[in-house]
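Biologist: Could you pick one helix in this model and take a close look at it with me? After that, I'd like to hear about the sheets and the charged pairs elsewhere in the chain.

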Amino acid sequence: MIRSLFKRKLNQFLNRRGRETLPVVFGWRRIYVLPSKAGLFFALIWFLMMLAGLNFNNNMSLMLVFLLFGLAQVALHKTFFNLRQLRLEQINAEPVMLGEDITLHLQLAADAVKWQIRSENQFSTDVCDIDQQLSELKLLMPSLQRGMQAVDRIKLLTRYPLGLFTVWVYCLPQAAVLVYPKPESPCPDFPTHGGSEGEQSVRIKGEELSGIRTYRQGDPIRDIAWKKTAQSSNQTWVKEFNQTQGKHLLFDYTQLSMNGVEAKLSRMTAWVLAAEQQQIEYQIILPGFDSGMATGERHKHHCLKALALFQSTESPTSIRDTTGGATSPG
């Protein structure tokens with residue numbers, strides 16, 4: 001309990017500035033400094049050398065002690081200025097499916113040459129050399145929710161040049177990443193409630209018996225192959241009925257009989273990906289949104305974005321055409 005309270009108070013202190021609009025310039029007031037493990041070992045050796053020099057009144061030993069102390073001061077000054085006036089220009093990220101790792105691309109720049117800046121969060125680290133041009137660091141972040149997911153707190157640190165001191169800064173950027181719904185797996189059959197004729201045809205569920213398969217969530221009870229299921233102790237089998245449909249598909253949210261918004265969006269996401277892979281023209285309809293009939297990468301991302309931002313309890317205007325990748329929320 002005490003540990004969780006301390007952690008919560010520490011996070012409140014570190015995030016006291018709130019979410020910051022990019023670009024962010026790290027001034028000297030934002031920089032934290034502590035000796036590293038190597039620095040603590042150096043300090044111990046230095047202290048023992050000083051005691052020995054004072055005990056034996058050895059001037060050469062004392063001269064070396066003060067020389068090392070001056071070297072440590074120079075290293076502290078240099079390490080501190082590696083982060084001073086560093087700029088976090090922007091954060092970019094491609095949209096991902098729920099459950100996949102998000103790759104954040106951090107664009108950094110500095111007025112003077114910097115060296116070996118490291119970025120960290122609780123999931124990954126990356127190191128690069130920073131110069132007067134834009135430099136890039138990469139961080140991984142798990143996708144935890146559908147829609148616009150805010151970027152976690154980022155830590156930038158350096159121990160250059162001697163590794164005696166650790167100098168770091170924190171930033172909680174006002175940026176978010178678009179996360180698509182997780183597609184249902186395995187992909188279910190295309191729906192029978194929509195579609196029109198095209199130049200080519202695709203097999204969908206119909207009246208002609210074509211075989212049996214394992215049960216999937218949402219399959220009607222009337223399609224269960226009871227005889228085959230009775231022969232299997234731990235598997236439920238379902239009859240498949242196929243017919244021919246045109247190369248145009250309609251995915252209508254209101255026609256899905258499944259329970260739960262996320263389950264419906266997951267199934268529609270799987271249909272969009274499958275239709276795009278098979279080069280079938282398709283159209284999705286959500287309350288307040290109609291994608292139109294088309295195919296291609298642009299159409300796919302347009303549909304997936306609508307599915308990601310869909311809110312069933314809000315008005316139709318809740319589905320907005322926002323820019324993909326990392327962006328300012330709202």
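Modeller: Happy to; we'll start with the helix, follow one of its side chains outward, and then turn to the other charged pairs and the sheets.

A word on the ground rules: residues are numbered from 1 along each chain as its sequence is written, and side-chain values use heavy atoms, with hydrogens and water left out. This is a predicted model, in which local features need pLDDT of at least 70, side-chain atom pairs count only at pLDDT 80 or more, and totals for chains, interfaces and linings use all residues.

The helix I'd choose is H5, residues 261-277. Helices (H or I, at least four residues) and strands (E, at least two) are DSSP runs, numbered from the N terminus. The end C-alpha atoms of H5 are 24 Å apart, which agrees with the 24 Å that its 17 residues should span at 1.5 Å a residue; the expected span is 1.5 Å times one less than the number of residues. Of those 17 residues, 12 are buried, so H5 is largely enclosed by the rest of the structure. Buried here means under 20% relative accessible area, exposed means over 50%, and partly exposed lies in between (1.4 Å probe, protein chains only). Among the buried residues are Leu265, Met268, Trp271 and Val272, but also Lys264, Arg267 and Glu276. Just after H5, Gln279 takes a positive phi of about 60°.

Now follow Arg267, which is buried at 9% relative accessibility. Arg267 forms a salt bridge with Glu184, their closest N and O atoms being 2.8 Å apart. A salt bridge is a side-chain nitrogen of Lys or Arg within 4 Å of a carboxyl oxygen of Asp or Glu. Glu184 sits in the loop between S12 and strand S13 (196-214), and Arg267 in H5, so the pair ties together parts that are 83 residues apart in sequence. Glu184 is buried too, with a relative accessible area of 16%.

By this rule there are 5 salt bridges. One of them joins the side chains of Arg30 and Glu20 (2.7 Å, N to O). Arg30 is in the loop between S1 and strand S2 (32-35) and Glu20 in the loop between helix H1 (2-14) and S1, so this pair links parts 10 residues apart in sequence. Arg30 has a relative accessible area of 11%, which counts as buried, and Glu20, at 14%, is buried as well. In another pair, Glu89 meets Arg87 (2.7 Å, N to O); Glu89 is partly exposed at 23% relative accessibility.

On to the sheets, where strands pair if DSSP finds at least two bridges between them. S12 (residues 176-180), the strand before the Glu184 loop, pairs with S9 in the antiparallel sense over 4 bridges, and Gln149 stands opposite Val177 in S12. The open sheet here has 3 strands in the order S4-S12-S9, with mixed pairing. S4 (96-97) and S9 (147-150) each have a single partner strand, so one side of each is left without a neighbour in the sheet.

A second open sheet has 4 strands in the order S1-S3-S5-S8, paired antiparallel. Its edge strands are S1 (24-26) and S8 (135-142). Within this sheet, 5 bridges join S3 (residues 86-92) to S5 (residues 101-109), and Asn92 stands opposite His105 in S5.
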